[in-house]
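Visitor: I would like to see how the labels on a model follow from its numbers. Could you take me through it step by step?

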Amino acid sequence: MLLIWFWVAVATMLPLGFTLLLVHIAAVIEHAQALLDRLLPQRRQRAMVQPVERLAADLHRLAVHIDTIERSQEMHRVARLRAASLAYDDVLLSACRTLEVEVPETTPLHPVERLQTEAALAQAGLVW
């Protein structure tokens, strides 16, 4: 009789345990990845490398978008220009990591830093 109660308890707890594991597995994996990124910084940098063609296309698209915003008379023009510039800086830094060009230390980039970064990427062969 005791053995039957044991198996009934196991049979009722097993689905509950499995459900809890499924619910929390994403959080456990996320914490493990964050820990690995802190312990192995090279792993994080390798994960951020993107195809050069994609970076060039993104830089071109964002440069055209920034030009369009600068010429427009729309409301919230300054906020849109700032957001587009930050996105452009982010793609520039990704391109630097991909092409192993020295990455500026601070973001958002100062206009002079942005120009120097663009020149360094052009010297590395990136065309956008």
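**From values to labels**

Guide: Start with Thr117. Leaving out residues up to four places away in sequence, Thr117 touches Leu92, Cys96, Pro104 and Leu109. Keep in mind that this is a predicted model.

Visitor: Where is Thr117?

Guide: Thr117 sits in helix α5.

Visitor: Why is Thr117 called buried?

Guide: The relative accessible area of Thr117 is 5%. Buried means under 20%. Therefore Thr117 is buried.

Visitor: What does the side chain of Thr117 reach?

Guide: It reaches the backbone oxygen of Glu113, at 2.7 Å. The cut-off for a polar contact is 3.5 Å.

Visitor: Now the helices. Why are α4 and α5 called oblique to each other?

Guide: α4 and α5 pack at an angle of about 40°, with their axes 10 Å apart. Roughly parallel needs an angle under 35 degrees, and roughly perpendicular runs from 65 to 115. The angle of about 40° fits neither class, so α4 and α5 are oblique to each other.

Visitor: Which residues make the contact?

Guide: From α4 come Ser85, Tyr88, Asp89, Leu92, Ala95, Cys96 and Leu99. From α5 come Arg114, Thr117, Glu118 and Leu121. The residues of this contact of α4 with α5 divide into 6 nonpolar, 2 polar and 3 charged.

Visitor: What is the hand of the crossing of α4 and α5?

Guide: α4 passes α5 in a left-handed crossing.

Visitor: Asp89 was in that list. Is Asp89 buried or exposed?

Guide: Asp89 lies in helix α4. Its relative accessibility is 2%. The limit for buried is under 20%, so Asp89 counts as buried.

Visitor: What does Asp89 touch, not counting residues up to four places away in sequence?

Guide: On that count, Asp89 touches Pro108, Leu109 and Arg114. The side chain of Asp89 also reaches the backbone nitrogen of Leu109, at 3.0 Å.

Visitor: Next pair. What makes α3 and α4 roughly antiparallel?

Guide: The axes of α3 (residues 52–71) and α4 (residues 77–99) cross at roughly 160°. Angles over 145 degrees count as roughly antiparallel. Therefore α3 and α4 are roughly antiparallel to each other. Their axes come within 9 Å, and α3 passes α4 in a left-handed crossing.

Visitor: How do the residues of the contact of α3 with α4 divide?

Guide: There are 15 nonpolar, 4 polar and 4 charged residues.

Visitor: Take Arg77. Why is Arg77 called partly exposed?

Guide: Arg77 lies in helix α4. Its relative accessibility is 31%. Buried needs under 20%, and exposed needs over 50%. The value of 31% is in between, so Arg77 counts as partly exposed.

Visitor: What does Arg77 touch, not counting residues up to four places away in sequence?

Guide: On that count, Ile69, Glu70 and Ser72. The side chain of Arg77 reaches the backbone oxygen of Ser72 at 3.2 Å. For a longer span, take Arg77 and Gly125: they are 48 residues apart in sequence and 33 Å apart in space, C-alpha to C-alpha.

Visitor: Why is His76 called exposed?

Guide: His76 lies in the loop between α3 and α4. Its relative accessibility is 59%. Exposed means over 50%, so His76 counts as exposed.

Visitor: What is phi of His76?

Guide: Phi of His76 is near 60°, a positive value in a residue other than glycine. Most residues other than glycine have a negative phi.

Visitor: How do you know that Glu100 is exposed?

Guide: The relative accessible area of Glu100 is 73%. The threshold is over 50%, so Glu100 is exposed. Glu100 is in the loop between α4 and α5. Its phi is near 55°, a positive value in a residue other than glycine.

Visitor: Last one. What makes Ala124 partly exposed?

Guide: Ala124 lies in the segment after α5 (111–123). Its relative accessibility is 41%. Partly exposed is the range between under 20% and over 50%, so Ala124 counts as partly exposed.

Visitor: How far apart are Ala124 and Glu100?

Guide: In sequence, 24 residues; in space, 8.9 Å, C-alpha to C-alpha. Not counting residues up to four places away in sequence, Ala124 touches Leu99 and Val101.

Technical notes:
Residues numbered from 1 in each chain as written. Predicted model: local features only at pLDDT ≥ 70, side-chain atom pairs only at ≥ 80, totals over all residues. Heavy atoms only, no water. Helix = DSSP H or I, 4+ residues; strand = E, 2+ residues; numbered from the N terminus. Buried < 20%, exposed > 50% of the residue type's maximum accessible area, 1.4 Å probe, protein only. Contact = heavy atoms within 4.5 Å. Axes fitted to C-alpha atoms, helices over the stretch in contact; angles between N-to-C directions. Left-handed = near helix turned anticlockwise from the far one by under 90°. Nonpolar A, V, L, I, M, F, W, Y, C, P; charged D, E, K, R; others polar. Polar contact = N/O pair within 3.5 Å; in protein donor to acceptor, adjacent residues only side chain to side chain.
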